[in-house]
Amino acid sequence: MRIIIKFILKNVWEKKLRTLLILASVMLSSALYFATEALSDTAADMFLERFRVYYGTADLLIYPTRESPSSFFYRNRAEQFGDELEYIVGSIETSATLSHHGETLRLSVNGFTLPELEKLNPFFLTGEDKLLPFRGKKLIISKKTAADYGFKLGDYLELDLLGAKRKFYIAALAEPVGPFQDDGQNINVVVPLDTLATILNARGRVAILYLKLKDPARKGELMEKLRAAYPRYQVAETITIQELKEYTRTLTTTFQLMGTVVLFMAVYIINTSFKVITRERLPMIGTFRSIGATRKMTSFVLIAESITYGAIGGLLGCGLGFILLYLITLQIASFPGATITLRYTPAQLGQAFLLAVLISLVSSLLPILKIAKIPVKEIIFNTISKPTRRKRWKTVLGLILIAGAVFLPPYIPFPLLLPVGMLLIFASIIGCILLIPGLTNLFLTVFARVYRYLFGNEGILAAKNLRGNKGILNNISLLAIGISSLLMINTISFSVATEVTNFYRNCNFQIWGWVWQADRNLEAILRKIEGVEAVYGIYSANYLEITNRKDRINLIHGVNKYKHLDFWELDIDPELLAELDTGRKILLTNTLRERLQVQKGDLLTLKMSRGERTYQIIGFYDSLMWNGNFALIAEKYMKMDMGKQYYDDLFIKTNLDPDLVSATLKKRLERRYPSINTIADFEASDRENNASFFRVMRGFSLLALVIGIFGVFNNLIISFLERQRALAVLRSVGMSKNQALKMFLIEALTGGLIGGIVGALCGYLLISISPMILKAVAGKFPIHQSLSLYLSSILAGILITVTASTSPALKSSKLDIVSAIKYE
Amino acid sequence: MSPIIETIQLYKTFKMGEIEVEVLKGIDLTINAGEFVSIMGPSGSGKSTLLYLMGGLDKPTTGQVWIKGRNIAVMKDKEISILRRRTLGFVFQFYNLIPNLNVEDNIMLPVLLDGKRLKSYRRKLEAILETVGLADRRRHTPRELSGGQQQRVAIARALINEPDIILADEPTGNLDTKTGTGIMELLQKINQEQGKTIVQVTHSREAAAYSQRIINLRDGKVWEQ
Ligand SMILES: Nc1ncnc2c1ncn2[C@@H]1O[C@H](COP(=O)(O)OP(=O)(O)OP(=O)(O)O)[C@@H](O)[C@H]1O
Ligand SMILES: [Mg+2]
C-alpha cells in the first residue's frame, strides 16, 4: 500500500497543472457555495444597519396615516404600557432645503431630545459648542457632512424649513454613524424636538413614536393593545430580518443559480481529469494488481486521492469564500457609508467543506470504479476493448429528455410546477450534454465542406482531426455547459431589468406623487398650478386577502372610469371598465386568472377594512405591471369598502419640463409632506439599482469563463500530449511549422465555434423552458432575448479555445520530430 | 549514374546533460538515383540517426546533406517541408499512421499537405491501393488492420506524391518473416518498375538481400563492403 501511495504522490507532483485545475474547480465551487449561503445573512445584516438610520434599535413604530385625525399625537397612551417597554422615544421629522454655493441640499430634519435619541440610536459627538441646553434653533450634523460642504462648528445654516427661512446654529458635530449615517440621499441633521413642535404648533405632541420592547416575544400582543390605544394611527413593526431576507432573496437566488453552473462545470472537469488520471495509472495499477494488490486496495488509494483533493480544495475554498463574500458585499453595498460585517455560521463553513469533498468524490467515483472492473490480464496485455464508436442511445435519450422538458410543462398542475420544473431544467441540461457528440459531428460535416474553400487543405485536415477527438468533444461540452447556463442566467436577469424599466412605458403621465390628505379639493388646486395638464388621484389597497381562495391580491386600484385608461396604458375595453361602476365587480389580470384558477362570473370575497365584501369577476386583461398581480374595482366601492377618504396616489400629466413642475409642486405642497417624483427619476433610480446588480452578474460570468478557460486549457494540453506522435508523423510527411500552426488555430476556432453555437442552442432551449417554470414563482414572465448576448457567447467560446490553444500550438512548432516518432 | 543523396563529413553529437555522445563521426556517402541501398550495423550504431538526417527530420551537428543537388542544411522550414512531401517518402518500423484517419486519408496526407485537390489524385490512389493490395480496406482505420497491412499503408503514403527517394527505417522489423517478405518484394518492385531510390535500415540479412548495395555502420563510421 505504501508503495502505491508513493507512486501516486510522484504522479501528482509530475502533473502539477492538472492537480491545480482539480483543486481550483473544487475550491471555486465550495467558495461560491459558502459565499452564497453567507450572503443572505450578510446582506440582511447590512441592510438592517442601513435602516438603523431611520429606526435605531426600535421594534415598533406608531405614526399617523392618511386617515388619522391629525398628524400629531400625545405619547401618554403609549406610556401606560411603560413597564413592558425599554423605551418610548418621540420625534417629529420633516425635511428642509439649504442653498449652498448655488446648489440646493436636501436635509432630513429630525426633532429629538438628546437623552431619547441616545437611547434610540446611539451617537458620538466629536465637538460641541453651546449644545446644552438643547433648545431653540440648534442643530447637530455629521462630521462628514460638515467636511464635505465646509461647515464648521458655530456656523449658522439658513434652512428653508416648513415654509420659512430659519437660521440654525451648528452646536455639535457627530461621527457619521447611527442617526448621522449617510444614507446616500439626504443629509441627516438633528434639531431639538421642541423647536419643530413649536413651529408646527404641536407642543407636547409628536409625529412618530419609537418603542423598544423588554420582551420581543410579546410583540404581537402589545401591538394589539397599542392599536386599541391609537385606533386611527398605524402601529407597525420596524423592518424584520425576515423581511430583509425576502428583500435580498432575488440576489441570493441568482447566486445560487450561478453556483449551480460552476458546480456543473467543476464536476465535469474533475470527472474528465479523473478519466485521464485512471487511464494514465492503468499500467501501474495493472502491475500492482499482478503482484498481489487487491481491487479494493487500488480503488481505495484512488478514492483517497480524490478525497484529498476535495479536502484541500475545500479548505482553500472556505478561504476564497470569505474574499468572495467580501467582494460581493462590497458591490451590493452601493450606498455610501454602508458598514460591511461578514455574517456566517460555522455550519456554513462546514457545509462548504463537505460539499468540496463530496464533489470531488462523486465526480471521480465513476472512472475509478470503471477501471476497477477491468481484469488484470487485459490491463497487462493492453487488450482493453475500446468503446464502440457511436453511441446512438445517447442522442436518443438526449432528445427524449429535451422533448420532455419542452412539451410537458403545460400539463403540470400548478402546485407541482416548481419542483417538477426544476427537474425538467436539469433534465434538459443533461439532454444537451448527451446531444453534444451528435451535434458536433453534424457541424463538423458542414464545416469540412466550407473549410476547403475557406482554409484550404489544412481546413479539411483540421475537420478530420476534430472528428472523434475526445479532447475536443470535452472542450465543446465544457463550453456548451458554461455558455448555455450563463446565457440563461444573464437573459433572465436582463429580462427582469427590462421588465422593470418597461413598467414606466405604461404610464401616460410624467409625475407620480403622494401628498398628505389629498382629495378632490387638492386635485382642483393642483390643476391650477402652471404646467399641470391633468391630475388623477386614485385609491388603492394592498395585500388584500381573498378569503374564499386562500390567497392574496397584491394591489387593487379603485379606478375612475373616465380617467384610468387615459393615464394608464392598459388593454381593456372601456365599456368593460365602465361596467365596474355597476356593482361590486372586479377585473383581474390574466396572470391572476391562472394563479387563482378562476373564470368570468366567479366570486371573490375580499377581506377589506369594513369587513368581508364579495366581488364578481367580470373580465380579464393582460398586464405584467406589478408582476401581473393587481386588479381593478370601481372608485366608489373602494371608497366605501376600504373607508378611504384620501387618495393613495396622484398621477399628474404635464406639458412642461416634468422636473420643473415637480419642483413647483413640492414647494407649493410643502406643508403636506409631499413625496413627488418624475417618472424619469424612477426610471433612473431603477436603472442605477440594476447596474450594480449587473456588475455582480458580470463578475460572476467572468469567473465562470475563467474556470472554462482552465478546463479547456487542461483538455487541450492532454490532447496535445496524446497527439504529439501524430503531429510528428504529419511533420515527417511534409507538414511545415506554419501549416501545423494553422491547423491548430483552425481546430481551436472550430472547437470554440461549435462550443459557442451548441452552447447558444442549449441556452436558447433553457431560456425557452424556464418561463413556464418561473411562472410558478414570479407570475407570467416575459423573456427578452438579447441577440448581442448570444453573439458574444459564441465569440467568447472562440476566444476561450483560441487563447487556451496558443500554448499547445507554440509547443507544436518546437516539437522534436525524431524523438516523438521513435518512441513507442 | 547521377548521385541523388550525398553526405559530406556528417557528424552528429547528442548532449545528455553533461555527457556528450558522438553518434556519427564523419559520414561520407553517395547514393545514386535508382539505387536500392541497405544500411546495416549493430544496435545503437547510429543507423536511424543517419537516415533521419538524410530526410531532414533532424539537423547534423556539422557536415552537409545534399539531396538532388541542394544542401538541406540551409533550407528554411517551409522548403524542407516541401522537400519531404514531394521528394522524400518515409516508412517507419512502427508504421506511424494517424489513428483517427482511415486508410485513404492516411495515404492522401502528403497530397493534402501539398495543397492539391484530392479529386485529381483519385486514379493515382486506386493504382497505389492496387499495388499495395489494400483496395478492399480503404475505409478501415489503422486499428482495424494487421501490422503488415499497416506497413503497406505507410508505403502507399510514401508513394502517393511520386517521390524520387524512399527512406525506410526497419520496415520489416516488426513483422513475421512471411509478411516481411511481402513488404520487401513490394519495395523491390517499386525500385525496379518505378525506378525509385530506396534507402532502408535493416537488421535482417534476408531483407538486405533485396538491395543492390549494403552500407555497414560501426562506431559511427561507414564500412563499405
Ligand atoms: N535524442 C537522443 N538523445 C540522446 N541520444 C540519442 C538520441 N537519439 C539517439 N541517441 C543515441 O544515439 C545512438 C544511435 O541511435 P540510433 O537510434 O541511431 O541507433 P540505431 O543504429 O538505429 O539502433 P537500432 O538498431 O537499435 O535501431 C544510440 O546510442 C542512442 O542512445
Ligand atoms: Mg534504429
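Is Arg137(B) buried, exposed or partly exposed? Arg137(B) is partly exposed, with a relative accessible area of 27%. Keep in mind that we're looking at a predicted model here.

**Salt bridges**

Let's stay with that arginine for a moment. Its side chain meets the one of Asp136(B) in a salt bridge, at 3.4 Å from N to O. Asp136(B) itself is exposed, at 56% relative accessible area. Chain B also has a network held together by salt bridges with shared partners: Glu104(B), Arg122(B), Glu126(B), Arg138(B) and Arg139(B) are its members.

Across all chains, the structure holds 39 salt bridges. Here are some of them, with the N to O distance for each pair.

| Acidic residue | Basic residue | Closest N and O atoms |
|---|---|---|
| Asp160(A) | Lys165(A) | 3.5 Å |
| Asp602(A) | Arg549(A) | 3.9 Å |
| Asp136(B) | Arg137(B) | 3.4 Å |

The Asp160(A) pair brings together a buried residue and an exposed one. Asp160(A) is the buried partner, with a relative accessible area of 13%, while Lys165(A) counts as exposed at 54%.

Now for the salt bridge between Asp602(A) and Arg549(A). Asp602(A) sits in the loop between α20 (590-596) and β15 (603-608) of chain A, and Arg549(A) in the loop between β12 (532-546) and β13 (551-559), so this pair ties together parts that lie 53 residues apart in sequence. Asp602(A) counts as partly exposed at 21% relative accessibility, and Arg549(A) counts as partly exposed too, at 31%.

**Strand β17 of chain A**

How many of the residues in strand β17 (residues 630-634) of chain A are buried? Five of its five residues are, and the strand is mostly covered. One of its pairings is with β13(A): the two run parallel and are joined by five bridges. Within β17(A), Ala634(A) is the bridge partner of Val559(A).

Strand β14 (residues 585-589) of chain A pairs with β17(A) as well, this time in the antiparallel sense and over two bridges. There, Leu588(A) has Ala631(A) in β17(A) as its bridge partner. As a reminder, strands of a sheet pair through backbone hydrogen bonds, either parallel or antiparallel.

**The open sheet of chain B**

Over in chain B, four strands make up an open sheet with antiparallel pairing, and their order is β2-β1-β4-β5. Why do β2 (19-32) and β5 (70-71) of chain B each have one side without a neighbour in the sheet? Both stand at the edges with a single partner strand each, so one side of each is left free of a neighbouring strand.

For β2(B), the link to strand β1 (residues 3-16) of chain B is made by eleven bridges, and the two run antiparallel. If you want a spot to look at, Thr13(B) stands opposite Glu22(B) in β2(B). Helix α1 (residues 47-54) of chain B packs on this sheet, where it touches β1, β2 and β4 (62-67) of chain B. The direction of α1(B) makes about 60 degrees with that of β2(B).

**A nonpolar patch on chain A**

Which residues form a nonpolar patch on the surface, with about 370 Å² of accessible area together? They are Ile323(A), Tyr326(A), Leu327(A) and Leu330(A). Of these, Leu327(A) lies in helix α10 (residues 295-332) of chain A. Leu327(A) is partly exposed because its relative accessible area, 45%, falls between the 20% and 50% limits.

Conventions. Residues are numbered from 1 along each chain as its sequence is written. Chains are lettered from A and ligands numbered from 1 in the order in which they are written. This is a predicted model: local features need pLDDT of at least 70, side-chain atom pairs count only at pLDDT 80 or more; totals for chains, interfaces and linings use all residues. Side-chain values use heavy atoms; hydrogens and water are left out. Two strands pair if DSSP finds at least two bridges between them. Contact means heavy atoms within 4.5 Å. Axes are lines fitted to C-alpha atoms, for helices over the stretch in contact, and angles run from 0 to 180 degrees between N-to-C directions. Patches are made of residues with over 30% relative accessible area and no salt bridge: like charges are joined within 9 Å, nonpolar side chains (Val, Leu, Ile, Met, Phe, Trp, Tyr) within 5 Å. Accessible areas come from the Shrake-Rupley method with a 1.4 Å probe; for residues, only the protein chains shown count as cover. A salt bridge is a side-chain nitrogen of Lys or Arg within 4 Å of a carboxyl oxygen of Asp or Glu. Buried means under 20% relative accessible area, exposed over 50%, partly exposed in between (1.4 Å probe, protein chains only).
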